Amino acid sequence: MLVDVGEGESGRPASLAHRLWAPVGEWASSKQAKFAARRAQQRQRLAEGLWGIAQQVLTLVLKVTAVAVLATVVLGALFCISLFATWTLLWLFTPGHADIELPIYLDYRQPLPQYSLQASKTRIPERGQYDVALRLTLPETPQNEEQGISCITFEVHEQKEAGVRQEALKTLTKCLMVRYRTPLLRVLHTLYYALPLIWGTRHLEDVRELPLLTDWTTPGSFHRDVSWWMTVTLSNPKLQVTEATLLLKRRLGPVQYLLFHWPLLTSALLG
């Protein structure tokens, strides 16, 4: 009878090793399964967290967009209302013009150079208060320096009916003279402005502005069917005047001044 000793002896160690390593394998398998389950839970939680963040970001973007659209609509409506209010105030309270510049052409063929501004040929000033001034450009010539003091007479006349004696509304006289400069000051002035004088952008002249009337209220006859005119007379025919302008500066209140000169800024402030 033959006995397979080696097989039996070798089988014992194999079964023994299997019995010894089986719990370790089961433990490793359970650990691996738990790790996989934990990884799956973490991935699920991460996905849920990212989805929640995406929902919050989308909600925030929608809210910001809604607020921006609402703010744009409200600001646009306020801007339109402010523009309407500003232009309404402009139409109601501000004049059609602020200042008027009327050129004066003195006639030197007369004994006393003068010029008349007639109502039919002159821009009629609106009813209101004005500061009237006369701007004269006097060349710095030896003849003008020799004249000394000269006088300017300003008159406002009206004639209500034909054949009726004319009535002087305003009459006043102002004095002026060419500003005197010493020879040294004239040489320094010429050297300082040498290039503009050569190019013709600047001239040796004295620009004087004579205030004539302050807070002058235009009479109601200016706006009715009557004849009126303004006369500027120069007392010295030897005084050389290259340019003359009659300035009618409208006196505006603070609100009228803002509305007339800065309508957009005023509309923004009102809005």
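Mentor: Contact, for our purposes, means heavy atoms within 4.5 Å. Keep that in mind, and remember that we're looking at a predicted model.

Trainee: Okay. What does Val207 touch, then, once residues up to four places away in sequence are set aside?

Mentor: Arg135, Leu136 and Thr137. Val207 sits in strand E6. Its C-alpha atom is 5.7 Å from that of Leu136, although the two residues are 71 apart along the chain.

Trainee: Why is Val207 called partly exposed?

Mentor: Its relative accessibility is 46%. Buried needs a value under 20% and exposed one over 50%, so Val207 lands in between and counts as partly exposed.

Trainee: How do you know that E3 and E6 are paired strands?

Mentor: Pairing takes at least two bridges. E3 and E6 have 10, running antiparallel, so they qualify. Leu138, for instance, stands opposite Asp206 in E6.

Trainee: And what makes E3 and E8 a pair?

Mentor: Eight bridges join them, again in the antiparallel sense. That clears the minimum of two, so they pair as well. One of the matches is Thr137 with Glu243 in E8.

Trainee: Why is E3 described as largely enclosed by the rest of the structure?

Mentor: Count its residues: E3 covers 129-139, and eight of those 11 residues are buried, so the strand is largely enclosed. Across the whole protein chain of 271 residues, buried ones make up 25%.

Trainee: Let's stay with E8. Why is Thr245 called buried?

Mentor: Thr245, which lies in strand E8, has a relative accessible area of 9%. The limit is 20%, so Thr245 is buried. Beyond its neighbours within four places in sequence, its contacts include Ala133, Leu134 and Arg135, along with Pro103 and Ile104.

Trainee: What about Arg250, at the end of E8? Why does Arg250 count as buried?

Mentor: Its relative accessibility is 16%, and that is under 20%, so the label is buried.

Trainee: What makes its approach to Tyr130 a polar contact?

Mentor: The distance between the side chains of Arg250 and Tyr130 is 3.4 Å, and the cut-off for N or O atoms is 3.5 Å. Arg250 is also among the residues that Gly128 contacts, together with Trp216, Thr217 and Thr218, leaving aside neighbours within four places. Gly128 belongs to the loop between E2 and E3 and is buried at 14%. Its C-alpha atom is 8.1 Å from that of Trp216, 88 residues away along the chain.

Trainee: Now the charges. How many salt bridges does a search of the whole structure find?

Mentor: Seven. One of them links Arg181 and Glu140, with the closest N and O atoms 3.4 Å apart. The pair ties together distant parts of the chain: Arg181 is in the loop between E5 and H3, Glu140 in the loop between E3 and H2, 41 residues apart.

Trainee: What makes that a salt bridge?

Mentor: The limit is 4 Å from a side-chain nitrogen of Lys or Arg to a carboxyl oxygen of Asp or Glu. Arg181 and Glu140 meet it at 3.4 Å. Both ends are buried too: Arg181 is at 15% and Glu140 at 13%.

Trainee: How do the two ends of the Arg179–Asp206 bridge fare: buried or partly exposed?

Mentor: They differ. Asp206, at 2%, is buried, whereas Arg179, at 43%, is partly exposed. Their closest N and O atoms are 2.8 Å apart, well inside the 4 Å allowed.

Trainee: Which residues form the salt-bridge network?

Mentor: Arg135, Glu209 and Lys249. Glu209 and Lys249 meet at 2.8 Å, N to O. That pair bridges strands E6 and E8, 40 residues apart. With 39% for Glu209 and 33% for Lys249, both fall between the 20% and 50% marks, so both count as partly exposed.

Trainee: Last one, on helix H1, residues 5-93. What makes Val57 eligible for a nonpolar surface patch?

Mentor: Patch residues need over 30% relative accessible area, and Val57 has 47%, so it passes that test. Val57 makes the patch with Leu46, Leu50, Ile53 and Val61, about 470 Å² in total.

Note on methods: Residues numbered from 1 in each chain as written. Predicted model: local features only at pLDDT ≥ 70, side-chain atom pairs only at ≥ 80, totals over all residues. Heavy atoms only, no water. Buried < 20%, exposed > 50% of the residue type's maximum accessible area, 1.4 Å probe, protein only. Polar contact = N/O pair within 3.5 Å; in protein donor to acceptor, adjacent residues only side chain to side chain. Patch = residues over 30% accessible without salt bridge, like charges linked within 9 Å, V, L, I, M, F, W, Y side chains within 5 Å. Areas by Shrake-Rupley, 256 points an atom, 1.4 Å probe, with all protein chains shown as cover. Helix = DSSP H or I, 4+ residues; strand = E, 2+ residues; numbered from the N terminus.
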